[in-house]
Amino acid sequence: MEPKAENRYVQEEEGLGWGKSLPVPSVQEIVRNDSQIVPEKYIQERKDRPTLDSEFSPNSSEIPVINFSLLENGDEDELGKLDIACKEWGFFQKLSDELAAKLSLLMGMDKEGLKKLYGEMKQAMRLNYYPACSRPDLVLGVSAHSDASALTLLLQDDEITALQIRHKGTWVPVKPIPNALVVNIGDVAEAWSNGVYKSIEHRAVTNVNKARMSIATFMMPNEELEIGPLESMMDDKHRPKLYRKIKYVDYIRHTLERKMDGKAHTEYLKLESV
Ligand SMILES: O=C(O)CCC(=O)C(=O)O
Ligand SMILES: [Fe+2]
């Protein structure tokens, strides 16, 4: 059952000059029709189908949790934890305004570094709605992707574990922590850091019982700015430049024109892809 063409929705990015994203059928329409049958186009290839049984899932409790009040007080251990979280996970939970300042420090600049280079970050928001689904074993709420932002802050439903991140090849569920935001490193921070910090690949699964919503806030540089590795993150001998310079709006257009496909978009930022 393919929803009718007039029910398709196209994200209205035209006004921003970002081009259009790929049209997708409205899931609300499928819910309205009360169908128990999953439309063919949502059924994932076998290799991409989610593992839903938490017994077999790696443990969420290994995901780093950063205490920002400690960071604000200049706690060196917490700053070290943030560095490891960005390098090894590209993903951690909790936040404050200090984040950009701390990342500047970790990337070898003074705490105003990112702000001086990139100005105030812009924010874009996406509200995700995942209806309950009769066959969560066959479909994904959102396919594997990394975010085209510098950083993403995600507010998720405290009661449903649906977000999964790919860590060392396995999908790790991100069990919500009440009152915490999930922060993930996006593609821009991966490019800034010359690949030291990884933009994390993630996806969301659905469940039979309950609809879920999440709110993603994407922190992004001005679209006219060129993104690429920071001088402080390159060194000809040990850390040669791995990412090219590209105007941010061109990168956004590139990602919107193509299907979400794991880290494929990030690859486009790398030098060898030119
Ligand atoms: O709903 C989620 O947990 C993930 C949403 C997401 O990855 C996104 O909006 O980019
Ligand atoms: Fe995302």
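Asparagine 194 sits in the loop between helix 6 (187–192) and strand 8 (202–204), and in this predicted model its phi is positive, about 60°, although the residue is not a glycine. Asparagine 194 is also buried, with a relative accessible area of just 3%. Beyond that loop, there's an iron site to look at, with His145, Asp147 and His202 as protein donors, plus a ligand that the protein covers to 98% and twelve salt bridges across the whole structure.

**Backbone oddities**

- Some background first: most residues other than glycine have a negative phi.
- Asparagine 194 goes against that with its phi of about 60°, and because its relative accessible area is 3%, under the 20% cut-off, it counts as buried.
- Lysine 168 is another non-glycine residue with a positive phi, this one near 45°.
- You'll find lysine 168 in the loop between strand 5 and strand 6 (170–173).
- Is lysine 168 buried or exposed? It is exposed, because its relative accessible area of 71% is over the 50% cut-off.
- Glycine 108 takes a positive phi too, about 80°, just after helix 4.
- Helix 4 itself covers residues 99–106, and its buried residues are Leu99, Ala101, Lys102, Leu103 and Ser104. Yes, a lysine is on that list.

**Iron site**

- Which protein atoms hold the iron ion (ligand 2)? The donors are NE2 of His145, OD of Asp147 and NE2 of His202, at 2.1 to 2.2 Å from the ion.
- Along the sequence, the donor residues follow the spacing H-x1-D-x54-H.
- Histidine 145 and aspartate 147 are both buried.
- Histidine 202 has histidine 167 at 9.2 Å, C-alpha to C-alpha, with their positions 35 residues apart in sequence.
- Histidine 167 belongs to strand 5 (residues 163–167), and its relative accessibility of 11% makes it buried.

**Around ligand 1**

- The residues around ligand 1 include the iron donors His145, Asp147 and His202.
- Other residues around ligand 1 are Arg126, Asn128, Tyr130, Leu154, Leu163, Arg212, Ser214, Ala216 and Phe218.
- Tyrosine 130 puts a polar side-chain atom 2.6 Å from an oxygen atom of ligand 1.
- For serine 214, a polar side-chain atom likewise lies 2.6 Å from an oxygen atom of the ligand.
- Histidine 145 turns up again here: an N or O atom of its side chain is 3.1 Å from an oxygen atom of ligand 1.
- How much of ligand 1 does the protein bury? Taken alone, the ligand exposes 300 Å², and 98% of that is buried by the protein.

**Salt bridges**

- A search of the whole structure turns up twelve of them.
- Lysine 122 pairs with glutamate 223, with the closest N and O atoms 3.3 Å apart. Lysine 122 is in strand 2 (residues 122–130) and glutamate 223 is in the loop between strand 9 and strand 10 (226–227), so this bridge ties together parts that are 101 residues apart in sequence.
- The two partners differ in cover: lysine 122 is partly exposed at 38%, whereas glutamate 223 counts as buried at 15% relative accessibility.
- Glutamate 224 bridges to lysine 247, the closest N and O atoms being 2.9 Å apart. That pair also links distant parts of the chain, from the loop between strand 9 and strand 10 to strand 11 (residues 246–247), 23 residues apart.
- Lysine 247 is partly exposed, with a relative accessible area of 32%.
- Lysine 47 and glutamate 45 form a bridge with a closest N and O distance of 3.8 Å, and both residues are exposed.
- Glu45 and Lys47 also belong to a salt-bridge network with Asp48.

**Nonpolar surface patch**

- Which residues make up the nonpolar patch on the surface? They are Val31, Leu127, Tyr129 and Met213, with about 360 Å² of accessible area together.
- Methionine 213 is in strand 9 (residues 212–220).
- Methionine 213 is partly exposed at a relative accessible area of 44%, so it clears the over 30% cut-off for patch residues.

Methods:
Residues are numbered from 1 along each chain as its sequence is written. Chains are lettered from A and ligands numbered from 1 in the order in which they are written. This is a predicted model: local features need pLDDT of at least 70, side-chain atom pairs count only at pLDDT 80 or more; totals for chains, interfaces and linings use all residues. Side-chain values use heavy atoms; hydrogens and water are left out. Patches are made of residues with over 30% relative accessible area and no salt bridge: like charges are joined within 9 Å, nonpolar side chains (Val, Leu, Ile, Met, Phe, Trp, Tyr) within 5 Å. Accessible areas come from the Shrake-Rupley method with a 1.4 Å probe; for residues, only the protein chains shown count as cover. A salt bridge is a side-chain nitrogen of Lys or Arg within 4 Å of a carboxyl oxygen of Asp or Glu. Helices (H or I, at least four residues) and strands (E, at least two) are DSSP runs, numbered from the N terminus. Buried means under 20% relative accessible area, exposed over 50%, partly exposed in between (1.4 Å probe, protein chains only). Donors are N, O and S atoms within 2.8 Å of the metal (3.2 Å for Na, K and Ca); water is not among the atoms, so sites may look incomplete. A residue is near a molecule or strand if one of its heavy atoms lies within 4 Å of it. A polar contact is a pair of N or O atoms within 3.5 Å; within protein, one must be able to donate a hydrogen and the other to accept it, and residues adjacent in sequence count only if both atoms are side-chain atoms.
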